[in-house]
Amino acid sequence: MNIPLLVPHPHHHFLKGLLRTPFRSYHFIFHSSTHLRSGSPCAWSFDSLRLRCTKWMLLSDGLKRKLCVQTTLKEHTEGLSDKEQRFVDKLYIGLIQGQRARLAEAITLIESTHSRKKELAQVLLQKVLVYHREQEQLNKGQPRAFRVGLSGPPGAGKSTFIEYFGKMLTERGHKLSVLAVDPSSCTSGGSLLGDKTRMTELSRDMNAYIRPSPTRGTLGGVTRTTNEAILLCEGGGYDIILIETVGVGQSEFAVADMVDMFVLLLPPAGGDELQGIKRGIIEMADLVAITKSDGDLIVPARRIQAEYVSALKLLRRRSKVWKPKVVRISSRSGEGISEMWDKMKEFRDLMLASGELTARRQKQQKVWMWNLIQESVLEHFRTHPTVRGQIPLLEGKVLSGALSPGLAADLLLKAFKAETNDIYPIQ
């Protein structure tokens, strides 16, 4: 994939952030004032990051040369010490051999915010990505794992459903990985990570792996490293990946950009049922499941099912080959869960045959890449000396009413651009 960017003065932190993306080829255009001589800031950035400059483009007097920044796995690992290399190799070998302890250790590594551990995590992810592509080639180019996102409001019965559904899948010979996302406290920053305690039977199943992770302030119902965790689970041999989001509302559907199928779980008798029909999370769903359809709740569950069937007819379909379905299930009695799995397999087969599943994954790769770029650029902005020095002064003026928040933000951005003159996308 080519990403055209006009970079007058490429910054070391920006280039370093690109290493976190799943792509390893970038094309840049440098302004004529940019120097590529040995020892210059630009050359130092590329050399220290082990990026190979093979072509470049200088905008000066009509002279244009192309620059291609590429990395290979060999170059990516040259900066590791022997101890770090052995550590990454141990995780990688254990991971592809299906060792759950190594998978847990690898996910802990990618969740770390320590700068050096982040670099080690990217080396590991690149090795797993190469292995993942080799396995897909052996499978005639078809994905070896089925990624399913499970979302819904608090109390919809997501964890209870996964317990029953997961046991059914492992009994049928599947290897299941559950990535359960738990909300973090806005005050203390901590998380209970209690989803696993509600899946006692599944957590003891050797063909299932459950990993609870905190959101740490990430919006959308997922974590900052959910994409990476999915890749590691697939490298560990798990063929079905379930991502359970936090309890969400009408607009938190970030998981839809990470999975093959997005399943929305809704409880019956939850107030105004048509609230979910508002454009937002409902139009992203490939399958809607009305949970707790047993006992006294069967009648309201049937009514809500009929309402959502009618409502989905009014929404634009995401796929040309699949029409979203609405089913009723009960995790207590097991009613409807086997039929729900049949519909999920039907969805997967149709999407694979039409090529839409491959296109969806490619689109998700781009979303993943740009999310990481935005995160890296924002981190660089916040930690830049000019910005860091101006923030307390501008915050004080905003609090005193001397400046509006918008004007303060504009002044901060102008100071940053004047100091760094960093990144200008080519239109």
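1. A contact here means heavy atoms within 4.5 Å. On that basis, 74% of the contacts between residues at least 6 apart in sequence join residues at least 24 apart. The model is a predicted one, in which local features need pLDDT of at least 70, side-chain atom pairs count only at pLDDT 80 or more, and totals for chains, interfaces and linings use all residues. Residues are numbered from 1 along each chain as its sequence is written, and side-chain values use heavy atoms, with hydrogens and water left out.

2. The secondary structure comprises 14 helices and 13 strands, taken as DSSP runs numbered from the N terminus (helices: H or I, at least four residues; strands: E, at least two). Of the 427 residues in the chain, 49% are buried, that is, under 20% relative accessible area with a 1.4 Å probe, protein chains only. The exposed surface of the chain is about 21000 Å², and carbon and sulfur atoms supply 54% of it; the areas come from the Shrake-Rupley method with a 1.4 Å probe.

3. Strand S9 (residues 240-244) has five of its five residues buried. In a regular strand the side chains alternate between the two faces of the sheet. Ile240, Leu242 and Glu244 are buried on one side of S9, and Ile241 and Ile243 on the other. S9 pairs with strand S6 (residues 146-151) in the parallel sense over five bridges, where pairing requires at least two DSSP bridges between the strands. Within this pairing, Ile241 is the bridge partner of Arg147.

4. The largest nonpolar core (buried Ala, Val, Leu, Ile, Met, Phe, Trp, Tyr and Cys residues joined through side-chain atoms within 4.5 Å) has 48 residues, of which Leu103, Leu124, Leu232, Ile241, Phe262 and Val288 touch the most other members. Elements that each supply at least two residues include helix H4 (82-96), helix H9 (226-235), S9 and strand S10 (261-266). Helix H6 gives the most, with eight residues. Domain 1 (66-139) and domain 2 (146-354) both give residues to this core, so it lies between them; the domain bounds come from an automatic or database assignment.

5. Neighbours within four places in sequence aside, Leu232 is in contact with Leu95, Leu103, Ala106, Ile107, Ile110, Leu124, Leu125 and Val128. Another core, of 32 residues, lies apart from the largest one, and Leu150, Leu176, Ile337 and Trp341 are among its members.

6. Arg360, in helix H12 (residues 356-383), counts as buried at 10% relative accessibility. Beyond its neighbours within four places in sequence, Arg360 is in contact with residues including Asp260, Asp286, Arg318 and Phe347.

Conventions
Buried means under 20% relative accessible area, exposed over 50%, partly exposed in between (1.4 Å probe, protein chains only).
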